[in-house]
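Visitor: I am new to this structure and should like to learn the reasons behind the terms applied to it. May I put some questions to you?

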Amino acid sequence: MSDGVEREVLETKRHRTAYLAAGDPSRTVMIFVHGWPELSHSWRHQLPVFAGLGFRVIAPDMRGYGGSSVYTRHEDYALEHAVADMIELLDHLGAERAIWVGHDWGAPAVWSIAQHHPERCIGIANLCVPYQPEGFAAETCIPLVDRRVYPEEDYPAGQWDYQLFYRENFPAAQASMEANVVNTVRALFRAGGKAGVGKPAVTSAIRRAGGWFGGIGEAPPVPRDDRVLSAEEEALYVEALTRNGFFGPNSWYMNASANLAFALKAKETWRLKMPVLFLHGAYDFVCATVDTKLADPMRAHVDALTEGIVESGHWMAQERPHEVNAALSEWIMTSLPHVWPGVPLRAR
């Protein structure tokens, strides 16, 4: 990356975290946490902007991705380990606290940091995946399914059916994604739109179809969606996912019991006191939070919640970067004025 963004690595006895960094190291830290199946590069539109505003910005490759450690057991991808990685990174940066920003599986990681380490949070912002104080898993999401779109007799797990497919047919899911990684990336990274409103998401019928991509064994050929990825960016995703494979990324879905138990350990701090921003994707039909119950547990357990809706699909920070950056900036200015614009806040 350009614009002053550098690649760095933290290597300890327990884990290696590769990360992107920019901005003055003496300034307030913002850590951007990506999800499935992405990279630190997913925050390419945010890092130069917030570094330019005076923050120290960091975007790690999460475990199983990019240049970070890859493990061979499902249990190594439980949220408890990802949280430990992030706290280890924060310590390495010499910062007592940070503004944490998460998306997709990065959001449950950030919610978990807020639960277990509230003292390490100035504030948190999450995109698309709302707070589930009991833990993010099919078990906590299925009861909140919008049955107007997903009648129980036809879609018992609603849009979360794909998570059950991972549990029941993990090797098949992995194989279908690795069969043609270019096609997989093109099929997954697509912008959202109004055409899907009120219709079941494709993830709601994965088991019925016999697997991802209609059970044909690999992603179908579709054009790259340049509203989300350029050719250069696509090449970065394809290289990393080809090199590391999908075992690690998909294993994040295989730790529901461990993640629920981890959340239960923090029950006394399920109610979040720090300022929180949540951005809904208007056309995110898997994490469908607009006019559904999915965000209700978040609203019931966050004291200082700011919400916004971005006219995008799931890949919000890449599809609508200007809107995301504007929402983050406004939230920091209004809810965290003591650190705007990136004033020094370092006491570790």
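Visitor: Why is Tyr 155 called buried?

Guide: In this predicted model, Tyr 155 has a relative accessible area of 16%. Buried means under 20%, so Tyr 155 meets the term.

Visitor: What makes Tyr 150 and Tyr 155 an aromatic pair, and of which kind is the pair?

Guide: The two ring centres are 5.6 Å apart, and rings pair if their centres lie within 6.5 Å. The planes stand at 85 degrees to each other; an angle over 60 counts as edge-to-face, and therefore the pair of Tyr 150 and Tyr 155 is given that name. Tyr 150 is buried, with 3% relative accessibility.

Visitor: How many aromatic pairs does the structure hold?

Guide: There are 24 aromatic pairs. Ring pairs also link a cluster, whose members include Trp 36, Trp 105, Phe 136, Trp 212 and Tyr 253.

Visitor: How do you know that Cys 128 and Cys 287 are not joined by a disulfide?

Guide: The sulfur of Cys 128 lies 6.3 Å from that of Cys 287, the closest cysteine sulfur. A disulfide needs sulfur atoms within 2.5 Å, so this separation is too far for a bond. Cys 287 is in no disulfide, and a search of the whole structure finds zero of them.

Visitor: Are these two cysteines buried or exposed?

Guide: Cys 128 has 1% relative accessibility and counts as buried. Cys 287, at 5%, is buried as well.

Visitor: What makes the contact between Arg 16 and Glu 11 a salt bridge?

Guide: The distance from N to O is 3.9 Å. The rule asks for a side-chain nitrogen within 4 Å of a carboxyl oxygen, and therefore Arg 16 and Glu 11 qualify. Glu 11 is called exposed because its relative accessibility is 54%, and exposed means over 50%. Arg 16, at 27%, is partly exposed.

Visitor: Why is Asp 76 called buried, and what is said of its partner Arg 73?

Guide: Asp 76 has 12% relative accessibility, which is under 20%, so the term buried applies. Its salt bridge with Arg 73 has its closest N and O atoms 2.8 Å apart. Arg 73 is partly exposed, with a relative accessible area of 43%.

Visitor: Where do Glu 239 and Arg 243 lie, and how do you know that they form a salt bridge?

Guide: Both lie in helix H8 (residues 231–244), four residues apart, about one turn of the helix. Their side chains meet at 2.8 Å, N to O; the limit is 4 Å, so the pair counts as a salt bridge. Glu 239, at 42%, and Arg 243, at 45%, are each partly exposed. Elsewhere, Arg 14, Arg 63, Asp 85 and Glu 88 are joined into one network by salt bridges that share partners. The count for the structure comes to 23 salt bridges.

Visitor: Which residues have the most contacts inside the largest nonpolar core?

Guide: They are Ile 31, Trp 100, Trp 111, Ile 124 and Trp 212, in a core of 82 residues. Helix H2 (residues 79–92) supplies the largest share of this core, seven residues. Apart from it lies another core, of 30 residues, among them Leu 47, Ile 122, Leu 277 and Val 310.

Visitor: Which residues does Ile 31 touch?

Guide: Leaving aside residues up to four places away in sequence, Ile 31 touches Ile 58, Pro 60, Leu 90, Leu 93, Ala 98, Ile 99, Trp 100 and Val 101.

Notes: Residues numbered from 1 in each chain as written. Predicted model: local features only at pLDDT ≥ 70, side-chain atom pairs only at ≥ 80, totals over all residues. Heavy atoms only, no water. Core = buried A, V, L, I, M, F, W, Y, C linked by side-chain atoms within 4.5 Å. Buried < 20%, exposed > 50% of the residue type's maximum accessible area, 1.4 Å probe, protein only. Helix = DSSP H or I, 4+ residues; strand = E, 2+ residues; numbered from the N terminus. Contact = heavy atoms within 4.5 Å. Phe/Tyr/Trp six-rings, centres within 6.5 Å; stacked < 30°, edge-to-face > 60°.
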